[in-house]
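Welcome! Have a look at the model below, then work through the exercises with us.

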Amino acid sequence: MTEEGAGEAAPPSGDAPGGTPGGTPAAEIAAAWQRERPGTPTASIEIVTPIWRLAKLFADDRNRVLREAGIDAATLDLLSVLRRAGPPYTLSTRALADRTLVTAGAISQRVARAEREGLVARGPGTTGRRTVLVRLTPAGHALIERSVDAVLGREAALVAGLPPTERATLIALLDTLITDVRARIEP
């Protein structure tokens with residue numbers, strides 16, 4: 001994990017060495033950069049650094065939950081997209097690639113692995129010779145039902161410390177930030 005490309009991790013507590021009690025680690029990082037290099041653009045540190053930290057905490061915890069559930073993140077993603085599609089839990093490989101935001105090659109590998117494990121079945125599409133449909137099998141359905149409950153239940157518990165009004169505010173702010181950042185970096 002990086003913090004503004006600086007290569008050091010801030011202390012886990014609210015107090016940084018030499019800092020003021022109660023200051024956030026990100027605020028301490030920003031202050032240290034301003035002290036050491038006045039004029040360094042640090043306005044983003046108190047937003048980006050906590051987001052990176054949360055992403056790492058959530059990712060590490062999700063990976064632990066997935067291991068316990070007996071599924072990896074790529075398979076969870078594939079099975080989740082099929083399950084959310086509704087009955088008959090079937091999508092083309094193209095639709096899967098679009099909905100999972102991965103390449104056609106990556107979807108092909110995910111589908112092949114899930115098919116070997118009996119979680120999905122492939123079949124010909126009805127719209128053309130090259131169309132391949134992927135269907136969730138009963139074993140895949142059972143696995144995603146267990147896994148999604150474990151993952152989403154755990155993540156709900158992790159954010160339960162925020163009252164509903166603060167969650168709503170955070171959701172809106174994150175959506176605004178994602179939309180703005182996407183507009184700035186995508187061609």
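Four short exercises follow, each with a worked solution, and the model they use is a predicted one.

**Exercise 1. The sheet**

Task: Find the order in which the strands are arranged in the open sheet.

Solution: Begin with the number of strands: 3 of them form the open sheet. Next, read across the sheet, which gives the order S1-S3-S2 with antiparallel pairing. Then turn to the edges: strand S1 (90-92) and strand S2 (120-124) each pair on one side only. From one strand to the next, the twist averages 30 degrees. Finally, look between S2 and S3, where 5 bridges join the two strands. As one case, Arg122 has Val134 in S3 as its bridge partner.

**Exercise 2. Two helices that meet**

Task: Decide whether H3 and H4 are roughly parallel or roughly perpendicular to each other.

Solution: Two packed helices are described by the angle between their axes and the distance between the axes. Take the distance to start with: the axes of H3 and H4 come within 10 Å. Now take the angle, which is roughly 110 degrees. The range that counts as roughly perpendicular is 65 to 115 degrees. H3 and H4 are therefore roughly perpendicular to each other. The crossing of H3 past H4 is right-handed. To see who takes part, find Asp77, Leu78, Val81 and Leu82 in H3, which meet Leu96, Arg99 and Thr100 in H4. H3 also packs on the sheet, where it touches S1, S2 and S3, and its direction makes about 90 degrees with that of S3.

**Exercise 3. The nonpolar core**

Task: Work out which element gives the largest share of the largest nonpolar core.

Solution: This core has 23 residues, and those touching the most other members are Leu78, Leu79, Leu82, Leu96, Val111 and Val120. Now list the elements that give two or more residues: among them are helix H2 (45-69), helix H3 (73-84) and helix H5 (104-116). The largest share comes from H3, with 5 residues. For a closer look, pick Val111: leaving out residues up to four places away in sequence, Val111 touches Leu78, Leu96, Val120, Arg122 and Val134.

**Exercise 4. A residue in H2**

Task: Is Asn63 buried, partly exposed or exposed?

Solution: First locate Asn63, which lies in helix H2. Its relative accessible area is 35%. Buried means under 20% and exposed means over 50%, so Asn63 is partly exposed. As a last step, go 10 residues along the chain from Asn63 to Ala73: the C-alpha atoms of these two residues are separated by 7.4 Å.

Key: Residues numbered from 1 in each chain as written. Predicted model: local features only at pLDDT ≥ 70, side-chain atom pairs only at ≥ 80, totals over all residues. Heavy atoms only, no water. Core = buried A, V, L, I, M, F, W, Y, C linked by side-chain atoms within 4.5 Å. Buried < 20%, exposed > 50% of the residue type's maximum accessible area, 1.4 Å probe, protein only. Helix = DSSP H or I, 4+ residues; strand = E, 2+ residues; numbered from the N terminus. Contact = heavy atoms within 4.5 Å. Pairing = 2+ DSSP bridges. Axes fitted to C-alpha atoms, helices over the stretch in contact; angles between N-to-C directions. Parallel < 35°, antiparallel > 145°, perpendicular 65-115°, else oblique. Left-handed = near helix turned anticlockwise from the far one by under 90°.
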